[in-house]
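User: I should like to learn how pockets and buried residues are read from a model. Please take me through a worked case.

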Amino acid sequence: MDAGPQQHQAMDVDAADAQALAKQLRALDAKELLAVALDALKRDAAPLAAALAARESKRPKKRRRKAQKPMDLTKYEARDVALWIAYDGGAYRGFAAQEKAEVDVDTVERQLFQALEKTCLVGGRDACAYSRCGRTDKGVSAAGQVVGLRLRSVARRGTAFEPATHPGDALANTERRDAETDEVVPNTQKRELDYVGMLNRVLPDDVRALAWAPVAEGFS
């Protein structure tokens, strides 16, 4: 059964009123729109709550980011290296870290280890056979200070690679193997991690890594 003329007229009026109301709302600024919404909420909260619920249901759900697991350094070989660094000491209380629990003292060594741990090259100062060639006073700069330490290698644990491999050289026994034949894929040897580049991306501008070289175990 068709709706009568009066019902059609009422529907047209409601639609026209809704369009006019929408036009008025769009003309309001944020504060005015909030005031209107709060006033409507006081009069009758149900329509506004329903509208908000409907809008919320249409929003795409945000995916929860999985917590990133810390890198397991035990899965990788490590190599003893001498690392050359330079720094402008104007902002630091010397080179060597100062272990004072009650005072937050910034030193070059502190910045260096923050970078080493952030790049997952070491698991901590006590676990990397660290040694330094000396200390400096507050504000002193250096153009080529050397530290010795053991850094994570690109080679997986158990790889019989040559620890004396120099920067840029291919590492022996790191070739990729074919999944079906288990044969070595030519020209797939890995090269050692770019220690200098990795550190300089996270070090402050007044501390720079310059170069590294392989050294014998126990180098100090």
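User: How do the residues of the lining of the largest pocket divide into nonpolar, polar and charged?

Analyst: This is a predicted model, in which local features need pLDDT of at least 70 and side-chain atom pairs count only at pLDDT 80 or more, while totals for chains, interfaces and linings use all residues. Residues are numbered from 1 along each chain as its sequence is written, and side-chain values use heavy atoms, with hydrogens and water left out. The lining of the largest pocket has 10 nonpolar residues, no polar ones and two charged ones. Here Ala, Val, Leu, Ile, Met, Phe, Trp, Tyr, Cys and Pro count as nonpolar, Asp, Glu, Lys and Arg as charged, and the others, Gly among them, as polar.

User: What is the volume of the largest pocket, and which element gives the most to its lining?

Analyst: Rolling a probe the size of a water molecule over the atoms shows where empty space is left. A pocket is an open set of points on a 1 Å grid over the protein atoms alone, where a 1.4 Å probe fits, with protein on both sides within 12 Å along at least five of seven lines; lining residues have an atom within 4 Å of a point. The largest pocket has a volume of about 470 Å³, this being the space filled by probe spheres set on points joined across faces, edges and corners. Its lining includes Leu21, Leu33, Asp44, Leu48 and Arg55. Two or more lining residues come from each of α1 (5–27), α2 (30–43) and α3 (45–58), and α3 gives the most, with five. Helices (H or I, at least four residues) and strands (E, at least two) are DSSP runs, numbered from the N terminus.

User: How many residues line the second largest pocket?

Analyst: There are 13, and Leu73, Ala78, Gly123, Ala127 and Arg150 lie nearest the centre. This pocket's volume is about 200 Å³. β1 and β3 (142–156) each supply at least two lining residues. By class, the lining holds eight nonpolar, one polar and four charged residues.

User: Is Tyr87 buried or exposed?

Analyst: Tyr87, in strand β1, has a relative accessible area of 4% and is therefore buried (under 20%; exposed is over 50%, partly exposed in between, with a 1.4 Å probe and protein chains only). Its side chain makes a polar contact of 2.5 Å with that of Gln145; the term denotes N or O atoms within 3.5 Å, within protein one able to donate a hydrogen and the other to accept it, and residues adjacent in sequence count only if both atoms are side-chain atoms. Tyr87 and Asp206 are 119 residues apart in sequence, yet 5.4 Å apart in space, C-alpha to C-alpha.
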